[in-house]
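Here are my notes from a pass through the model, written up as numbered points. Have the viewer open while you read.

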Amino acid sequence: MALIDIRNVSVAYGSPARPVLEGIDLTIEEGEFVCVLGQTGCGKSTLLRLILGSEAPRTGEILVDGRVHKQPDRSRGYVPQKYSLFPDKTVLDNITFGPEVGEFSLLGRLTPQFYRRRREFRQQALGYLQRIGLQASDASKYPEQLSGGMQQRVAIAQALMTSPRILLMDEAFSALDPSTRRGMQNLIRELWRSTRATILFVTHNTQEALSLGTRVIVLAKESAEAPSRIALDMPVPEPCEEHEVPGLVRRLERVATSSSDPAEALSEKW
């Protein structure tokens, strides 16, 4: 059984309804690193929110581990494009906030058990700080004292604190400068190898998709008014030779910007 099973899903917004996604059928196995490509407005972020459980499809269903999930839970971590850090909390408090709130109510925080668990959460958070390349001394800093790359590392640590089976990353590196972005790409690839979490990574950057993913999915529209469909769903060659990359980039970009029938694009081979 696939970890994620998307069955004939369609999404529309507004009144009158404006179709965004239509006829999406997709299965993702545990441990895959799937990159989702497509132009702005093609529904990439919508697809992540559907899997997260923060949105529901208009038609069809999404099964995660065989069940429909109507709200987010600890099995799915989420890293948005904009840093989701609380400005009035330290790095350590930002990382431990989710587990503390998830496990203890307001009154529960007055019990000795809370303080024991809090110490455990903080020890775990310090371990994640080290794994993402920050120092123990960074734990007491506030977000405004961190660079963009450091803030995004903390956001990743936030998501990893719940040990999610699925990590959803929405344009997570797009606001970073090129050198920081390369470092973050290396980091997330190493984290994927060590945790074997299933990752869905939304990006506009074709080369980034090829360097990170084991599989690339392209969403595309037949016209500006039409909903997006899956225009291409292909594994990334392993190993991907350097001389192959320019041709693969051109092919993916052509599919992503094509107004032809998505069925035609599916017939393309690497």
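The points below go from salt bridges to strands and then to the nonpolar cores.

1. A caveat to start with: this is a predicted model. Please read the distances and accessibilities below as values computed from predicted coordinates.

2. On charge pairing, the structure holds 15 salt bridges. I picked out three to go through one by one, since they sit in rather varied settings.

3. Take E61 and R7 to begin with: they form a salt bridge in which the closest N and O atoms are 3.1 Å apart. E61 belongs to strand β4 (residues 59-64) and R7 to strand β1 (residues 4-13), so this pair ties together parts that are 54 residues apart in sequence. Neither end is shut away from solvent by the usual cut-off, where buried means under 20% relative accessible area. E61 is partly exposed, with a relative accessible area of 31%, and R7 is partly exposed too, at 38%.

4. Next, have a look at R181 and E208, whose side chains meet in a salt bridge at 2.9 Å, N to O. This pair also links distant parts of the chain: R181 is in helix α5 (residues 178-195) and E208 in helix α6 (residues 206-212), 27 residues apart. Are these two charged residues buried or exposed? R181 counts as buried, at 14% relative accessibility, and E208 counts as buried at 2%. If you check protonation states by hand, this is a pair I'd like to discuss.

5. The third one is local. R193 forms a salt bridge with E190, with the closest N and O atoms 2.6 Å apart. The two are three residues apart in helix α5, so about one helical turn separates them. Both ends have some access to solvent: R193 is partly exposed at 42% relative accessibility, and E190 is partly exposed at 46%. Going back to the E61 and R7 pair, salt bridges that share partners join D5, R7 and E61 into one network.

6. Now the strands, with β9 (residues 215-221) as the one to centre on. Why call β9 largely enclosed by the rest of the structure? Because six of its seven residues are buried. On one pairing, four bridges join strand β3 (residues 33-37) to β9, and these two run parallel. On another, seven bridges join β9 to strand β10 (residues 228-235), and those two run antiparallel. A hairpin of six residues makes the connection from β9 to β10.

7. R215 is a handy landmark for that sheet region. V34 has R215 as its bridge partner in β9, while R215 stands opposite P235 in β10. Following that one residue takes you from one pairing to the other.

8. Last, the packing. As background, nonpolar side chains tend to be buried together in soluble globular proteins. Here the largest nonpolar core has 52 residues, and those with the most contacts inside it are I156, M169, F173 and I188. Helix α4 (residues 148-160) contributes the largest share of this core, six residues.

9. Which residues does I188 touch, not counting those up to four places away in sequence? The list is F33, I156, L167, M169, F173, I199 and L212. Apart from the largest core lies another, of 27 residues, among them V11, L50, L168 and I217.

How values were computed. Residues are numbered from 1 along each chain as its sequence is written. This is a predicted model: local features need pLDDT of at least 70, side-chain atom pairs count only at pLDDT 80 or more; totals for chains, interfaces and linings use all residues. Side-chain values use heavy atoms; hydrogens and water are left out. A salt bridge is a side-chain nitrogen of Lys or Arg within 4 Å of a carboxyl oxygen of Asp or Glu. Buried means under 20% relative accessible area, exposed over 50%, partly exposed in between (1.4 Å probe, protein chains only). Two strands pair if DSSP finds at least two bridges between them. A nonpolar core is a set of buried Ala, Val, Leu, Ile, Met, Phe, Trp, Tyr and Cys residues joined through side-chain atoms within 4.5 Å. Contact means heavy atoms within 4.5 Å.
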